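Visitor: I'd like a close look at one part here, the strand pairing, with whatever around it helps me place it. Could you walk me through that in one go?

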Amino acid sequence: MTLKNNLYSIISLNRDNNSASVELLPDSLIYKAHFPERPITPGVCIIQIVTEILGELKGINLSLIEVKNVKFLEVLSPSETKTVSINFDKILKEDNSIKVRGTVADEAKIYTKFSLIYK
């Protein structure tokens, strides 16, 4: 299941600097089930959003093969934060894999730092 248009929508994609801006959709079924009184974005959903955005930026379907490192630094709640940026600081193609590093952030906070490997 893709989360695009179910948990978030894309506001903009910037292929030149490998980034995107997304809007979290607070009426999502996921938020209604994941702490309805104080909805938060589950970590697995953050990783799936990152995966989908990278696929959109590069125009390819990706499969996550390894989570090298993920740090959830702040709670990402659609009631407190409407939009975030997904920024890929590093995208390295090696053999049959793509290694990426980046952040999920807004102007004030970094919510997640990630280092992931895709096939």
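Guide: Start with strand S1 (residues 8-14) and strand S2 (residues 19-24), which pair in the antiparallel sense over six bridges. Strands here are DSSP runs of E with at least two residues, helices are runs of H or I with at least four, and both are numbered from the N terminus; two strands count as paired if DSSP finds at least two bridges between them. This is a predicted model, in which local features need pLDDT of at least 70, side-chain atom pairs count only at pLDDT 80 or more, and totals for chains, interfaces and linings use all residues. Residues are numbered from 1 along each chain as its sequence is written, and side-chain values use heavy atoms, with hydrogens and water left out.

To find your way into that pair, look for Ile-10, which stands opposite Val-22 in S2. Then follow the chain round the hairpin: four residues sit between S1 and S2, and Asn-18 there takes a positive phi near 50°. Step back the other way, into the segment before S1, and you reach Asn-5. Asn-5 also has a positive phi, about 70°, although it is not a glycine. With a relative accessible area of 53%, Asn-5 is exposed; the cut-offs are under 20% for buried, over 50% for exposed and partly exposed in between, with a 1.4 Å probe and protein chains only.

S2 has another partner too. Five bridges join S2 to strand S4 (residues 83-94), and the two run antiparallel. A handy marker for this pairing is Ser-21, which stands opposite Ser-85 in S4. From S4 you can carry on to strand S5 (residues 97-105), joined to S4 by nine bridges and again antiparallel. Here Lys-90 stands opposite Arg-101 in S5. The S4 and S5 hairpin has two residues between its strands, and Asp-95 in that hairpin takes a positive phi near 45°.

Now for the helices. Leu-57 is a good place to look, since it lies in helix H2 (residues 43-58) and counts as buried at 6% relative accessibility. Set aside its neighbours within four places in sequence, and Leu-57 is in contact (heavy atoms within 4.5 Å) with Leu-13, Asn-14, Arg-15, Asn-18, Ser-19 and Phe-88. You've already met Asn-18 from that list: it's the positive-phi residue in the hairpin of S1 and S2. Pro-42 is 15 residues from Leu-57 in sequence, and their C-alpha atoms are 23 Å apart in space. In the loop between helix H1 (29-33) and H2 sits Phe-35. Phe-35 is another residue other than glycine with a positive phi, near 65°, and it's partly exposed at 48% relative accessibility.

Two more strands deserve a visit. Thr-112 lies in strand S6 (residues 110-118), and it counts as buried at 0% relative accessibility. Leaving out neighbours within four places in sequence, Thr-112 is in contact with Ile-46, Val-70, Lys-71, Phe-72, Gly-102, Thr-103 and Val-104. Over in strand S3 (residues 64-72) you'll find Lys-68, which is exposed with a relative accessible area of 52%. Beyond residues up to four places away in sequence, Lys-68 touches Ser-115, Leu-116 and Ile-117. Lys-68 and Phe-114 are 46 residues apart in sequence, yet 7.8 Å apart in space, C-alpha to C-alpha.

Zoom out, and the protein has two helices and six strands, in the order β-β-α-α-β-β-β-β along the sequence. Its radius of gyration is 14 Å, close to the 14 Å that the globule rule gives for 119 residues, so the protein is as compact as a globular protein of that length. That radius is taken over C-alpha atoms, and the rule is 2.2 Å times the number of residues to the power 0.38. The C-alpha trace spans about 45 × 25 × 25 Å along its principal axes, and 40% of the 119 residues count as buried. Of the contacts with a separation of 6 or more, 59% come from residues 24 or more positions apart.
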